[in-house]
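User: Hi! Could you walk me through this one?
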Amino acid sequence: MKFNFMNTFKKAAIAMGVIAAAAIARPYIVGVDVSWVLEDESLGAKYYHDGKQQDLFDILQDHGINFIRVRTFVNSCVGYATESYSGANSKVCWCDLDHTIALAKRIKAHNMGFFLDFHMSDTWASIGKQYVPASWKGKSNAEMGKLAYDHVKTTMNALMKEGLRPDMVQVGNEINSAVSGVSISKTAEFANIINSGVKAVRDIDPSIKIVMQHGRPRPDGGFESWYNKIDANIDYDAICGSTYGTTNNGQDWRDMFGLVTKKKKPVLSCEYTADRTKLINGIMNDFGDLGWGTFVWEPTRYSNKPMFDRDGQKYTANARLDELAAIAKQYNATLPDWVGAKAVKKLTVKTAAAAGGTIAQSIEGSEIAEGSKVTFTAVPLEGWEFTGWTGDNSGIAKDYTVASLNKEVNLGANFKFVAKDSLNYEAENAVFSNTIFEDKHAGFSGKGYANLDNAVGSFVTIPVCLPSEGEQKVRIVFANGSTANRPVSIAVNGEVQVKSQDFESTSEWTNWTSKDVVLKMPAGVSNITFTSTTADGGPNIDKIQFVVESIDPVVVPPADEKDSAKVEEGSTDSTTAIVNRRLEQSRAALRLRNGGRSFYVNGRSVNELQRRASRIKTFNK
Ligand SMILES: [Ca+2]
């Protein structure tokens with residue numbers, strides 16, 4: 001038998017694990033930032049490889065590039081676009097939402113990873129250049145946080161709607177010293193802007209990776225103190241750095257990124273130039289699973305050594321792009337498993353607060369991503385008390401947390417009336433929609449008033465609690481400093497009783513006057529809702545009052561007549577009926593006025609009047 005050396009060798013080698021047929025596939029990002037492509041294409045740019053003109057994304061993909069970074073601005077039209085850095089038409093709002101969507105479509109068409117970079121600025125944000133967006137100027141930090149949230153959420157929602165889910169998001173670009181004009185030295189305010197943007201991403205899809213970028217991850221770039229602040233104050237998943245310059249062949253980057261990986265957080269290079277390909281990818285690879293990968297910045301034409309040779313508008317891939325292709329091949333780079341994930345499933349959240357309060361949600365909205373943590377808080381209005389949950393939760397603690405949303409939520413909250421006065425209701429203690437609390441125009445009662453937005457449909461709902469049912473005169477105290485009538489509709493428990501109630505001009509916002517309406521009210525708790533019916537919105541509403549003075553005085557026989565009981569035999573009992581009916585009216589009215597205390601009419605207690613009436617009745621029998 002012939003000895004087969006090769007077979008034996010192979011078996012032994014396999015047993016010893018010494019044959020590496022191919023590099024083991026490793027999740028690794030071989031990325032580029034090509035946000036300029038649309039601008040360049042508008043100028044006539046054509047891309048070539050091996051003598052053939054191709055779509056830039058095809059050429060990149062053929063060279064192993066698997067991830068694209070894209071920058072976007074708050075309002076490019078007044079910032080980035082006007083600078084026309086690329087030479088493209090400065091009247092076109094490059095890198096705005098529409099252009100971001102256009103680029104994202106090309107990325108997704110190539111099944112590449114999509115990394116979205118929010119500059120949180122109207123123009124380039126970089127080290128030392130972190131300007132407040134024009135539309136955010138003069139706002140408080142709290143308002144800026146809300147604007148940051150809205151900007152990110154609007155962009156993300158538009159992308160999700162088109163099926164263009166970003167896999168990774170940066171909130172702020174090279175935020176070494178500031179973001180949106182807010183210095184990192186004001187740590188809480190700086191963190192509020194960033195975390196508000198991050199929250200918008202998390203609210204939409206908590207599985208999207210969040211990255212924070214430092215523009216100079218070197219000991220002489222202040223990286224360590226920056227990273228400690230970020231780590232302590234910001235909600236993030238990974239740290240990236242711009243790795244352009246190094247003084248010691250990348251050891252500075254290695255040391256700084258090492259501070260991050262020590263905390264088991266991943267690192268990336270989100271910007272570098274073509275001459276650093278081997279160096280920076282080697283460093284990232286050495287971090288193993290925590291070295292997520294790299295992005296070349298504008299490889300078609302940035303730096304003196306770009307990855308394309310340029311001749312007019314003809315861009316031809318050169319050897320530096322091949323070098324990147326070699327890295328992709330050497331690492332057998334595959335996309336991380338969190339890339340291309342389907343948009344997270346949304347679950348319906350229905351809440352209904354009974355009259356007397358509201359339900360606050362830590363993630364607002366009626367469609368919330370599966371897996372989200374949501375806290376619901378019952379918030380009673382002044383004069384009301386929370387009594388307990390209904391639906392999914394039967395507890396009485398005001399906070400109810402769903403740690404990981406895994407099914408539809410149906411939740412109700414109940415409240416009871418605890419105020420003494422059931423005749424007067426301040427509008428500021430009410431439920432608002434597109435309506436704000438204000439106290440700037442003097443002359444109101446209580447703490448302020450409700451200012452209905454200048455829009456059809458803005459409303460204020462005032463919960464009331466009445467001891468008896470019936471038609472009630474309701475006095476509405478209001479001011480209308482505009483020149484036009486500001487009508488509203490008035491509904492009780494959702495049913496419109498007054499289609500359009502005029503609230504004429506009072507000339508000044510500080511001139512408060514009143515208007516009476518009659519509403520049919522049920523006994524117990526009800527909601528009275530005032531809704532703007534014109535684009536001007538309703539008036540400012542200070543309070544509503546139930547008016548009892550209008551009810552007829554009770555007819556009571558004089559005291560002497562009572563004692564002699566001179567009601568003639570045979571008279572009808574209509575006197576008794578009238579007295580009793582009026583007593584009931586008075587009783588109800590006075591209960592309203594006094595919130596359940598003793599009542600007096602014409603100096604006599606209602607109880608006494610009632611006894612008189614019943615004596616008359618007895619006499620008649
Ligand atoms: Ca008021």
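Analyst: Happy to; what follows is a chat about the chain, a helix pair and a core.

Analyst: This is a predicted model, where local features need pLDDT of at least 70, side-chain atom pairs count only at pLDDT 80 or more, and totals for chains, interfaces and linings use all residues. Residues are numbered from 1 along each chain as its sequence is written.

User: Cool. How many helices and strands are in the protein chain?

Analyst: There are 14 helices and 36 strands; these are DSSP runs numbered from the N terminus, helices being H or I with at least four residues and strands E with at least two.

User: How do helix 6 and helix 7 cross?

Analyst: The axes of helix 6 (residues 141-161) and helix 7 (residues 187-204) come within 8 Å and cross at roughly 30 degrees. Axes are lines fitted to C-alpha atoms over the stretch in contact, with angles from 0 to 180 degrees between N-to-C directions. The two helices are therefore roughly parallel, a term for angles under 35 degrees.

User: Which residues make the contact?

Analyst: Helix 6 contributes residues including Val152 and Met156, and helix 7 residues including Ser196 and Val201. Contact means C-beta atoms, placed from the backbone, within 7 Å.

User: New topic: which residues have the most contacts inside the largest nonpolar core?

Analyst: Ile68, Val169, Val201 and Val460, in a core of 140 residues. Such a core is a set of buried Ala, Val, Leu, Ile, Met, Phe, Trp, Tyr and Cys residues joined through C-beta atoms within 7 Å; buried means 20 or more other C-beta atoms within 10 Å of a residue's own. Helix 7 gives the largest share, 8 residues.

User: And what does Val201 touch?

Analyst: Leaving out residues up to four places away in sequence, Val201 touches Val152, Met156, Val169, Ile208 and Ile210.

Terms used
Angles under 35 degrees count as roughly parallel, over 145 as roughly antiparallel, 65 to 115 as roughly perpendicular and the rest as oblique. Two residues are in contact if their C-beta atoms, placed from the backbone, lie within 7 Å. A residue is buried if 20 or more other C-beta atoms lie within 10 Å of its own, exposed if 12 or fewer, and partly exposed in between; C-beta atoms are placed from the backbone.
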